[in-house]
Amino acid sequence: MSDGQDPRRLPGGGATPTPPEPVQVQWPQTVAVIFNPSSGGDSARQRSDHIRQAIQETGKRLIWLETTPADSGQGLAKDAVGQGADVVIATGGDGTVMACATGLAGSEVPLAVLPLGTGNLVAANFDIPNDLDGALEVALACRRRRIDLGSIGDGRFVIAAGMGFDAAMLRDASHTLKARIGPLAYLWSGLRNLRRPRASYRLRLDGGEELTRRAQGVLVANLGKIQGGLPILPDAVPDDGHFDIAVLKTRTVGDWVGVATRILVRSHKPGPDVDTFRAAKVEIRCDRAQPVQFDGDTVEPTDRLDVEVDPCALTPAVPEHHQDQTPPARNDSA
C-alpha cells in the first residue's frame, strides 16, 4: 500500500471518497409517524398510544400513518412529504425502514427510526436505542447524517443485499423462535445452513473484468453490522460512495468457526475463506437460483442480482456522535 492510499480501499474500489457537505436543517415542526401495527407483537397498540402522546406533548404537529399489506411504507413516506412533514419516523422492523427509505430517497426530509422488529439492523448500525423513549429522543432531536443507499431498480436498501447463505439464514428463521428469543433465532437458522452447497458466482465490479468464485453466498454491504450488532464488514462506510462486498468461500464447519472468530474479535482481516472487494456497482450471476435478501427482507430466488450506490440519497436522524458536523438550527418557537 502506498503512503497516500486510503487504508479503507480494497480491490475493486475507486478513488478516495470525498465526504459529503454537512446537512443544513431546521428543527422539525411537523412529525410524520409511519407505524407498522404488525411489529412489536401484542404490545403494538400500547406502543402506538405512547408514541402519539409523547409527540403531542412536544406541541409539534403529528401526521399518523399506518402500514398495510398494500403499502409497507414507501407510498406513505411520499404522502408524508406531500403533507409537509419535517421528519418521517419509521416505526417497525427493518422492512418498514427500507420501505420508508425508498420513499424518501433523494428528498431532503430526514428519516428517524423507532425499532420494533427482530433484527433492527438500521438501529444497531447507528446506535439508536432499542427502548422506545430513547429512540424517540433521538428521533425528535433530529440530528442528521447524509448517507448512501443501495439501489435495485426502483427499490432501495440501507444496510445490505445478500445472495445465497445469509438470505437462506434469514428466510429459514422460525417466526415462532423470533418471537420467543429474538435475534438468537437467526443463529439457529445459520447453524442449519452451514453445510449449504456452494455454487459458482460470477461478479463484475464497476464494469471491470468478470470474477468467478465457488462460494456459499455474496453479501453487498452499505453498513457493516449484522444481527446482534456483530461487524461482519467492519470497514463499511455508509457515505463513501461504495459498497463493501464479501464472497463467502466457506465449505466446512471449520471455515465458519474461523469466520465467526474474526467477527467476534472484530478483526479487519477477512481471512482465506472470505474474499472482500469494494465497488459502486455490482453485477452478480450464479449458476442456479439463490435466495436473495434486502435489509433482512427475502424475495423470490434468482440467479442474478444487480445493485449500485445511490450516493448521499438519505438523511437519517442519528445520535449526536453519528451526526454531520453542522448541527440542526433550533427554532425557538418549537
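The following exchange concerns a predicted model and the reasons for some of the terms applied to it.

Colleague: What makes the 4 strands an open sheet with edges?

Modeller: The strands follow the order 2-1-3-4, with parallel pairing. Strand 2 (61-66) and strand 4 (111-115) each have a single partner strand, so one side of each has no neighbour in the sheet. From one strand to the next, the twist averages 20 degrees.

Colleague: How do you know that strand 1 and strand 3 pair?

Modeller: Two strands pair if at least two bridges are found between them. Strand 1 (residues 30-35) and strand 3 (residues 87-92) are joined over 5 bridges, in the parallel sense, so the requirement of at least two is met. Within this pair, F35 stands opposite T91 of strand 3.

Colleague: Which helices pack on the sheet, and which strands do they touch?

Modeller: Helix 1 (residues 44-56) touches strand 1, strand 2, strand 3 and strand 4. The direction of helix 1 makes about 160 degrees with that of strand 2. Helix 3 (residues 94-104) also packs on the sheet, touching strand 1, strand 3 and strand 4. The direction of helix 3 makes about 155 degrees with that of strand 3.

Colleague: Why is D127 called partly exposed?

Modeller: Buried means under 20% relative accessible area and exposed means over 50%, with partly exposed in between. D127 has a relative accessibility of 37%, so it counts as partly exposed. D127 lies in the loop between helix 4 (121-125) and helix 5 (132-141).

Colleague: What makes the phi of D127 worth a remark?

Modeller: Most residues other than glycine have a negative phi. D127 is not a glycine, yet its phi is positive, at about 55 degrees.

Colleague: Where is D206 placed, and what is its phi?

Modeller: D206 is in the loop between strand 8 (199-205) and strand 9 (210-215). Its phi is positive, near 55 degrees, although D206 is a residue other than glycine. With a relative accessible area of 37%, D206 is partly exposed.

Colleague: Why is the link between the side chains of D310 and R156 called a polar contact?

Modeller: A polar contact requires a pair of N or O atoms within 3.5 Å, one able to donate a hydrogen and the other to accept it. The side chains of D310 and R156 are joined at 2.9 Å, so the distance satisfies the limit of 3.5 Å. D310 itself belongs to strand 14 (residues 297-314).

Colleague: Which residues is D310 in contact with, leaving aside its neighbours within four places in sequence?

Modeller: D310 is in contact with A105, D148, L149, S151 and R156.

Note on methods:
Residues are numbered from 1 along each chain as its sequence is written. This is a predicted model: local features need pLDDT of at least 70, side-chain atom pairs count only at pLDDT 80 or more; totals for chains, interfaces and linings use all residues. Side-chain values use heavy atoms; hydrogens and water are left out. Helices (H or I, at least four residues) and strands (E, at least two) are DSSP runs, numbered from the N terminus. Axes are lines fitted to C-alpha atoms, for helices over the stretch in contact, and angles run from 0 to 180 degrees between N-to-C directions. Contact means heavy atoms within 4.5 Å. Buried means under 20% relative accessible area, exposed over 50%, partly exposed in between (1.4 Å probe, protein chains only).
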